[in-house]
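Visitor: I'm new here and would like to be walked through this one. Could you show it to me first?

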Amino acid sequence: MTITITAFERSPDGGMGLARDTRVRWALEEVGQPYQVRLVSFRAMKEPAHLAIHPFGQIPTYEEGDLALFETGAIVFHIAEQYAGLLPDDARARARAITWIFAALNTVEPPILDLVTARIVERDKPWYAERLPLVEDRIRARLDQLSVRLRDADWLDGAFSAGDLMMVSVLLRLRPSGILDKFPTLAAYVARGEARPAYKRAFAAQLAVNTAKPSTA
Ligand code: GTB
């Protein structure tokens with residue numbers, strides 16, 4: 001069955017791979033499933049056709065036959081459940097890998113998003129400079145804890161899993177801030193994720209979209 005995902009027609013990051021379609025592309029590349037991409041503009045995302053699939057008018061979405069999903073956590077989990085390669089067979093190891101998907105999205109990503117949001121929409125507020133160190137401290141506290149857990153392991157719990165895919169994707173959003181570089185254990189972990197052939201294919205695919213010359217037709 002054909003899999004179709006949605007992605008930005010033009011990502012604001014110009015192809016750095018930080019928009020969330022990259023993690024879905026990466027999951028599909030890891031499990032070896034071909035997929036099509038429907039590119040959407042910011043305006044199209046808020047129109048009824050897209051809202052019927054994504055109630056919040058965002059990307060990415062995932063369509064497979066009559067199944068339509070939104071939310072990268074749900075999409076990556078679905079891919080990992082459906083196709084071999086992203087979750088261990090052992091039930092307990094599988095539950096732990098799923099725990100890391102949730103940890104990435106619910107515990108590590110929120111303070112990172114707070115920083116991203118602050119830098120974009122709070123920059124001109126009089127309290128911005130005072131608040132920023134607090135936001136960064138909350139990120140550092142999480143990264144300290146994650147470093148302690150990872151220690152010298154390659155991945156969070158045994159073999160690479162959807163939990164690592166999500167955690168690396170979340171940590172990558174820190175790259176423009178420079179904070180990740182202060183955590184060598186995590187910087188190396190992210191680099192291992194980026195070195196995976198499946199990640200490279202996903203990154204290249206989104207880059208091609210975001211660096212393509214606009215059609216003159
Ligand atoms: N919780 C949802 C999920 O995980 O799927 C969040 C989805 C989401 O935030 N989508 C964003 C979106 O559609 C794109 S990824 N935004 C448009 C809108 O809300 O109108 C977030 C994102 C956007 C831009 C960059 N960037 O330029 O660096 C990085 C990440």
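Visitor: Where does the ligand sit?

Guide: Keep in mind that this is a predicted model. In it, the ligand sits in the largest pocket. To earn the words "sits in", more than half of a molecule's atoms must lie within 2 Å of the pocket's grid points.

Visitor: Which residues come nearest to the ligand?

Guide: There are 15 residues around the ligand, and R20, K46, I59, E71 and T72 come nearest. By class, that shell has eight nonpolar, two polar and five charged residues.

Visitor: What makes the pairing of the ligand with the side chain of K46 a polar contact?

Guide: The cut-off for N or O atoms is 3.5 Å. An oxygen of the ligand is 2.7 Å from an N or O atom in the K46 side chain, so the pair counts. With E71 it's a nitrogen of the ligand, again at 2.7 Å from a side-chain N or O atom, so that one passes too. D13 uses its backbone: a polar atom there is 3.0 Å from a ligand oxygen, therefore also within the limit.

Visitor: How much of the ligand does the protein cover?

Guide: On its own the ligand has 680 Å² of accessible area, and the protein covers 78% of that.

Visitor: And what about aromatic pairs: how many are there in the whole structure?

Guide: The search finds seven. One of them is W26 with Y199.

Visitor: Why is the pair of W26 and Y199 called edge-to-face?

Guide: Their centres are 4.9 Å apart, within the 6.5 Å limit, so they pair. Their planes are at 80°, which is over 60, so the label is edge-to-face. This pair links distant parts of the chain: W26 is in helix 1 and Y199 in helix 9, 173 residues apart.

Definitions and conventions. Residues numbered from 1 in each chain as written. Predicted model: local features only at pLDDT ≥ 70, side-chain atom pairs only at ≥ 80, totals over all residues. Heavy atoms only, no water. Near = heavy atom within 4 Å. Polar contact = N/O pair within 3.5 Å; in protein donor to acceptor, adjacent residues only side chain to side chain. Areas by Shrake-Rupley, 256 points an atom, 1.4 Å probe, with all protein chains shown as cover. 1 Å grid on protein atoms, 1.4 Å probe; cavity = no way out; pocket = protein on both sides within 12 Å on 5 of 7 lines; lining within 4 Å. Nonpolar A, V, L, I, M, F, W, Y, C, P; charged D, E, K, R; others polar. Phe/Tyr/Trp six-rings, centres within 6.5 Å; stacked < 30°, edge-to-face > 60°. Helix = DSSP H or I, 4+ residues; strand = E, 2+ residues; numbered from the N terminus.
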